[in-house]
Amino acid sequence: MADFWRDCGFHLSERDERGFLTVTEDFLRAYINRPEVRPVEDSCDSERALHAQLLKNPRQAVSDERLAQLADPDAVENYRIVLAFRDRLVRAGTLEAAYMDLFLESAPSGGVPVPPLFVDQLAHVILRNVLDGEENGLKLRAGELFYRSQNVTISDGHVMAADEEVVEMYASSGGFGDLGRLIAEAQTPLRTVELDVLTPENADLYWQRDQAHDTVINLNFAGDGLDAFCRVMEAWVAHFLSVELSIQPVQEIRDERWVWHIGLDAEGTRLLNDLYNGVEVDEARLARLLSLFRMDFKDPQVMPEAMAGRPVYLALSMNEESLLRFKPQNLLVNLPLADRS
């Protein structure tokens, strides 16, 4: 069975009895050895000593007085951020618990207390755990939406999502790095590079390119790409909450008893809120809607009694810059569950 997403840190962790990823010392060392805190040529002796100590014991407490001994103020700030995140992981015990705690804690304030990069990295490694053993490359590509922003192009009725970072790279350099940028600055035409669109027929391409993020997924209604995305969302919720769901794309919401909805991104949240409240939505905003979904609980008893058996509607949208920034945490913290009511 082929491995995938080998750079996410999955192999540095271990599963507990629930299948959650434990916070191991090797996983913590990966953060201590990030480029933001790894010593560079002009790092002071105190900084080098601290880094060596933390690599030996990544759970070691570090006082403000110890950090004050570092000569570089930027290094001090970077250590504060990384060590605060490390402490969160250690307190939570598992990566899944740490991920949930981030959003349950931030709900009153509306802000997440760690850098977005760290949130995406947690989603990445947790989803690697969720999809362990998956053999469908199209599902793995759909999983990239959980932790990487997508640039969306709608043309001839096709909704194509490509990795934002890769699109920007090709736009600025044609995919040739520094050489490409020099050519672009000289206004010399670059070779046209077309990214492969994954389909069920060529999905095996993904195994050789899973870390390159250079394939495209088609999110057309009733298409294989959108179906793969639905199946990954179902698996994500089941892993965290042990709740079985069915998620299917729908073309519209016709429901006089519409009682609950979840936006899968900031734009989708605002759109569903306005539609639910009867606010008129202009054509430009509707055009940014990529898909609606209907979610049904396989066991209605896990829902609040007044809602049992009713569907939950979801919306996935791009923003004004044609970027899709899916928030998988919304599926976890916004579900109508009886034990939360």
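## Two unusual loop residues, a helix pair and a covered strand

Ser322 sits in the loop that links β10 (312-317) to β11 (323-324). Welcome to a short tour of this structure, which is a predicted model. Along the way we visit another loop residue, Asp156, found between β3 (150-155) and β4 (158-163). We then turn to the pairing of helices α1 and α4, whose axes come within 10 Å, and finish at strand β6, which is covered on both faces.

**Loop residues with positive phi**

- Ser322 has a phi near 65°, a positive value in a residue other than glycine.
- With a relative accessibility of 25%, Ser322 counts as partly exposed, because that class lies between the 20% limit for buried and the 50% limit for exposed.
- Asp156 is not a glycine either, and its phi is also positive, near 50°.
- Asp156 counts as exposed because its relative accessibility is 75%, and exposed means over 50%.

**Helices α1 and α4**

- Helix α1 covers residues 25-32 and helix α4 covers residues 73-92; their axes cross at roughly 165°.
- That angle makes α1 roughly antiparallel to α4, because angles over 145 degrees fall in that class.
- The crossing of these two helices is right-handed.
- On the α1 side, the contact is made by Phe27, Leu28, Tyr31 and Ile32.
- Facing them from α4 are Val82, Leu83, Phe85, Arg86, Leu89 and Val90.
- By residue type, this contact of α1 with α4 holds nine nonpolar residues and one charged residue, with no polar ones.

**Strand β6 and its neighbours**

- Strand β6 spans residues 215-218, and residues on both of its faces are buried.
- Thr215 and Ile217 point to one side of β6, while Val216 and Asn218 point to the other.
- Strands β4 and β6 run antiparallel and are joined by two bridges.
- Within this pairing of β4 and β6, Met160 stands opposite Asn218.
- Strand β5 (residues 196-198) runs parallel to β6, and three bridges join them.
- Leu198 has Ile217 of β6 as its bridge partner.
- Two of the buried β6 residues, Ile217 and Asn218, thus turn up again as partners: Ile217 for Leu198 and Asn218 for Met160.

Definitions and conventions
Residues numbered from 1 in each chain as written. Predicted model: local features only at pLDDT ≥ 70, side-chain atom pairs only at ≥ 80, totals over all residues. Heavy atoms only, no water. Axes fitted to C-alpha atoms, helices over the stretch in contact; angles between N-to-C directions. Helix = DSSP H or I, 4+ residues; strand = E, 2+ residues; numbered from the N terminus. Parallel < 35°, antiparallel > 145°, perpendicular 65-115°, else oblique. Left-handed = near helix turned anticlockwise from the far one by under 90°. Contact = heavy atoms within 4.5 Å. Nonpolar A, V, L, I, M, F, W, Y, C, P; charged D, E, K, R; others polar. Buried < 20%, exposed > 50% of the residue type's maximum accessible area, 1.4 Å probe, protein only. Pairing = 2+ DSSP bridges.
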